[in-house]
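Here is a short report on strand pairing, nonpolar cores and aromatic contacts. Please keep the sequence and the 3D view at hand while reading.

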Amino acid sequence: MSKLHVARPLFFLVLLTASASLVTYSQGSGAGETKSSSLTVPGEERHLRNVRQLTFGGTNAEAYFSADDKYLIFMHSGEGVPCDQMYTMPVDTPDGKPATPKLVSTGKGRTTCGYFFPAGDRILFSSTHETSAECPPRPDYSRGYVWPIYSSYAIYTAKPDGSGLKRLTTSPDYNAEATISRDGKKIVFTSMRNGDLDVYSMNVDGSDVRQLTHELGYDGGAWFSDDGKKIVYRSEQPKTPEAIADYKDLLSHGLIRPGNLEIWVMDADGKNKHQVTHNGAANFAPYFLPGGKRIIFSSNMGNQKDPSGFDLYLINVDGSGLEQVTYHPDFDAFPMFSSDGKRLVWASNRNGKAPHETNIFIADWVE
């Protein structure tokens, strides 16, 4: 999760011009019902049925279900919201029309990686608001296709309406990309507290922090399997002297280059790591299907001429059975299944009314 999850960081990096009191959510002029047939690629996206568009306008991403599958938490930027903020909304409404999202973050700084506690009594997200009310600076694109690492990200919890905000991490370095096990006991997240980007776990009260990855390179975007025994994550592990030097230099400037991220799986205690993908592309946003035997993830493996063109893929945990799910020519990412595996939510550029517009979509899942 985090801005590291976003394949096109330029979408999200706009200077803050409004105060928190002025932050609102606008669905834009395109709000309304859209027929499912116009939201899929005919003859290709066989796993997706009854597709609905849930947001309209701006940049919307990382939408994740509550444990009861009734609500989504996601980040949004757009008109009146120049820097990503955290919102919630019901998945379904009595009249079937898209819901109006509710702001649950402070409206200051930049937020990322929202998640519901399984009990439904708290939410979790990362924010830079304590460092500055303004948006963090844009990354240095003179260095090429890079993603920013903001050291000002800290992890917070709050009540579902955004009240009762509490800071969970105290390390002054990057702390983000947090998700929670379904039993509500453990949080997995990414931190730079040891000088490198590694995956950690901790109790939901912030205690018992344990480092799970130790390899040089970026490890992040981690999720628990539904039984809490496994963790899936993305990893970039530079091997050559040139790649190592480039990685360290970029990291010293708060950047990474997401050219080669592979999907990995490990035990919840960090043991028995194994690599799942071996395609040399940018693979990210992995999520276990119910049962923990398959993974859905986003990759640009089929779009090497356009590194920002991502599709969703399925793969078995042993690396076999690769199958493409989406075929839209631009961006599809951040997939998550409902707890029963019957619905898929994800972010996509499809049906956008403006260049690079990214919205949240939901579909019935068909095997």
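The sections below cover the sheets, then the cores, then the aromatic rings.

## Model

The structure is a predicted model.

## Two open sheets

One open sheet has four strands in the order β11-β12-β13-β14, with antiparallel pairing. Its edges are β11 (175-180) and β14 (210-211), each of which pairs on one side only. Inside the sheet, β12 (residues 186-191) and β13 (residues 198-203) run antiparallel and are joined by six bridges. One position can be read off directly: Lys186 has Asn203 in β13 as its bridge partner.

Another open sheet of four strands follows the order β20-β21-β22-β23, again with antiparallel pairing. Here β20 (283-288) and β23 are the edge strands, and each pairs on one side only. Six bridges connect the antiparallel strands β21 and β22. Among the residues involved is Ile295, whose bridge partner in β22 is Ile315.

## Nonpolar cores

The largest nonpolar core holds 68 residues. Within this core, Leu72, Leu124, Ile295 and Phe334 touch the most other members. Strand β26 (residues 359-365) supplies the largest share, five residues. A second core is separate and has 14 residues, including Ile149, Ala176, Met192 and Tyr247.

What surrounds Ile295, apart from its neighbours within four places in sequence? Its contacts include Val232, Ile263, Val265 and Val276. They also include Pro286, Tyr287, Phe288 and Leu289. Tyr313, Leu314, Ile315 and Val317 complete the list. Ile315 is thus named twice: as a contact of Ile295, and as its bridge partner.

## Aromatic rings

The structure holds 17 aromatic pairs. One of them joins Phe310 and Phe331. The arrangement is edge-to-face, with 6.2 Å centre to centre and 75° between the planes. The angle counts as edge-to-face because the cut-off is over 60 degrees.

This pair links distant parts of the chain, 21 residues apart. Phe310 sits in the loop between β21 (294-299) and β22 (311-316). Phe331 sits in the loop between β23 (323-324) and β24 (332-337). Are these two residues buried or exposed? Phe310 is buried, with a relative accessible area of 0%. Phe331 is buried too, at 3%.

Both rings belong to one aromatic cluster, formed by Trp147, Phe284, Phe310, Phe331 and Phe334. Phe334 also appears among the residues that touch the most other members of the largest core.

## A charge over a ring

Arg193 lies over the face of Tyr200. The distance from the ring centre is 5.5 Å.

Note on methods:
Residues are numbered from 1 along each chain as its sequence is written. This is a predicted model: local features need pLDDT of at least 70, side-chain atom pairs count only at pLDDT 80 or more; totals for chains, interfaces and linings use all residues. Side-chain values use heavy atoms; hydrogens and water are left out. Rings of Phe, Tyr and Trp (its six-membered ring) pair if their centres lie within 6.5 Å; planes under 30 degrees apart count as stacked, over 60 as edge-to-face and the rest as tilted. Buried means under 20% relative accessible area, exposed over 50%, partly exposed in between (1.4 Å probe, protein chains only). A charge sits over a ring if NZ of Lys or CZ of Arg is within 6 Å of the ring centre and within 35 degrees of the ring normal. Two strands pair if DSSP finds at least two bridges between them. A nonpolar core is a set of buried Ala, Val, Leu, Ile, Met, Phe, Trp, Tyr and Cys residues joined through side-chain atoms within 4.5 Å. Contact means heavy atoms within 4.5 Å.
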